[in-house]
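This report walks through a single protein model, beginning with individual positions and moving on to its cores and helix packing.

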Amino acid sequence: MNLVERLWLRYKWRHSEYAPLFSSPSDEELVSLDCETTSLDPHKAELVTIAATKIRGNKIVTSEPFTISLRAPNSLSAQSVKIHGIRHQDLSDGVSEKEAMLKLIEFIGNRPIVGYYIQYDKAILDRYSKKHLGFKLPNRTIEVSDIYRRKLEHILPNAYYDLSMEAIGHHLDLPLSGRHDALDDAISAALIYVRLKYGDVSMPTY
């Protein structure tokens with residue numbers, strides 16, 4: 001979202017309950033986020049679960065996680081279940097799309113969103129936010145694989161870099177769970193961000 005669009009939305013929603021979302025963040029806190037969906041196509045994928053955790057300075061606040069499951073969407077097929085392991089019966093207590101988005105924005109506020117391939121998740125969340133709230137999420141995004149790549153390019157330009165989460169975690173000596181549900185991936189992205197932000201990066205040994 002560019003500055004002009006943000007300013008317009010800030011003006012448009014200035015008297016609404018959503019006004020704080022369009023104010024400038026302090027960057028003292030960020031939110032690491034991940035979604036499980038029914039497809040890898042961000043234009044068609046439907047949300048299954050959303051998870052997030054806050055980052056305060058160099059600390060990951062795992063004691064205050066956000067996790068929410070939506071009602072099973074029509075596109076939850078056997079193929080998508082193979083990817084994330086979430087079945088129709090696992091979503092029997094899922095909430096509506098609008099309730100999920102309202103709870104999400106209550107948790108993330110105007111904080112920047114950190115993630116691994118976060119533009120995919122953001123594109124889907126923007127669709128849902130536009131549909132149910134009337135605007136795309138105004139939050140700035142921070143892609144951990146881009147930070148990692150840029151740091152390695154300073155060490156060895158034009159080299160090949162394995163940008164998989166597993167390879168990044170191994171290189172940075174991080175205790176990534178490897179389970180790949182939404183909350184675990186959100187925490188993994190947060191660990192990578194904090195390590196890259198506050199630590200040094202050496203040459204990888206693949």
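## A glycine after α4

Gly134 sits in the loop that runs between α4 and β5 (141–143), in what is a predicted model. Its relative accessible area of 26% makes Gly134 partly exposed, because that value falls between the 20% limit for buried residues and the 50% limit for exposed ones. When residues up to four places away in sequence are not counted, Gly134 touches Trp13 and Ser129.

## Overall architecture

The protein contains seven helices and five strands, and, read from the N terminus on, its elements follow the order α-β-β-β-α-α-β-α-β-α-α-α. Of its 206 residues, 45% count as buried, while the exposed surface amounts to about 11100 Å², of which carbon and sulfur atoms supply 51%. Among contacts between residues at least 6 apart in sequence, 66% join residues that are at least 24 apart.

## Two nonpolar cores

In soluble globular proteins, nonpolar side chains tend to be buried together. The largest nonpolar core here has 30 residues, and those touching the most other members are Tyr18, Leu33, Leu47, Ile50, Leu104, Leu125 and Phe135. At least two residues of this core come from each of β1 (29–37), β2 (47–56), β3 (59–69), α3 (97–108) and α4 (118–132), and α3 gives the most, with six residues. Apart from this core lies another, of 20 residues, which includes Tyr116, Val144, Ile147 and Tyr161.

Ile50 illustrates the contacts made by a member of the largest core: with residues up to four places away in sequence not counted, Ile50 touches Leu33, Asp34, Cys35, Phe66, Thr67, Ile68, Leu70, Leu104 and Leu125.

## Buried positions outside the nonpolar set

Asp34, one of the residues that Ile50 touches, has its place in strand β1 and is buried, with a relative accessible area of 10%. Leaving aside neighbours within four places in sequence, Asp34 is in contact with Thr49, Ile50 and Ala51, as well as with Asp121, Asp181, Ala182, Asp185 and Ala186.

Pro73 lies in the loop between β3 and α2 (78–84) and is likewise buried, its relative accessible area being 9%. Although Pro73 and Thr37 are 36 residues apart in sequence, the distance between them in space is 9.5 Å, C-alpha to C-alpha.

## Packing of α5 and α7

Two packed helices are described by the angle between their axes and the distance between the axes. For helix α5 (residues 144–155) and helix α7 (residues 182–198), the axes come within 9 Å and cross at roughly 35°, and the crossing is left-handed. On the α5 side the contact is made by Val144, Ile147, Tyr148 and Lys151, and on the α7 side by Ala189, Ile192, Tyr193 and Leu196; by class, these are seven nonpolar, no polar and one charged residues.

## Positive phi outside glycine

Tyr117, in the loop between β4 (113–115) and α4, has a phi near 50°, a positive value in a residue other than glycine. With a relative accessible area of 46%, Tyr117 is partly exposed.

Asp173 also has a positive phi, of about 60°, although it is not a glycine. The place of Asp173 is in the loop between α6 (165–171) and α7, where this residue is exposed, with a relative accessible area of 68%.

Note on methods. Residues are numbered from 1 along each chain as its sequence is written. This is a predicted model: local features need pLDDT of at least 70, side-chain atom pairs count only at pLDDT 80 or more; totals for chains, interfaces and linings use all residues. Side-chain values use heavy atoms; hydrogens and water are left out. A nonpolar core is a set of buried Ala, Val, Leu, Ile, Met, Phe, Trp, Tyr and Cys residues joined through side-chain atoms within 4.5 Å. Buried means under 20% relative accessible area, exposed over 50%, partly exposed in between (1.4 Å probe, protein chains only). Helices (H or I, at least four residues) and strands (E, at least two) are DSSP runs, numbered from the N terminus. Contact means heavy atoms within 4.5 Å. Axes are lines fitted to C-alpha atoms, for helices over the stretch in contact, and angles run from 0 to 180 degrees between N-to-C directions. A crossing is left-handed if the near helix is turned anticlockwise from the far one by less than a right angle, and right-handed if clockwise. Ala, Val, Leu, Ile, Met, Phe, Trp, Tyr, Cys and Pro count as nonpolar, Asp, Glu, Lys and Arg as charged, and the others, Gly among them, as polar. Accessible areas come from the Shrake-Rupley method with a 1.4 Å probe; for residues, only the protein chains shown count as cover.
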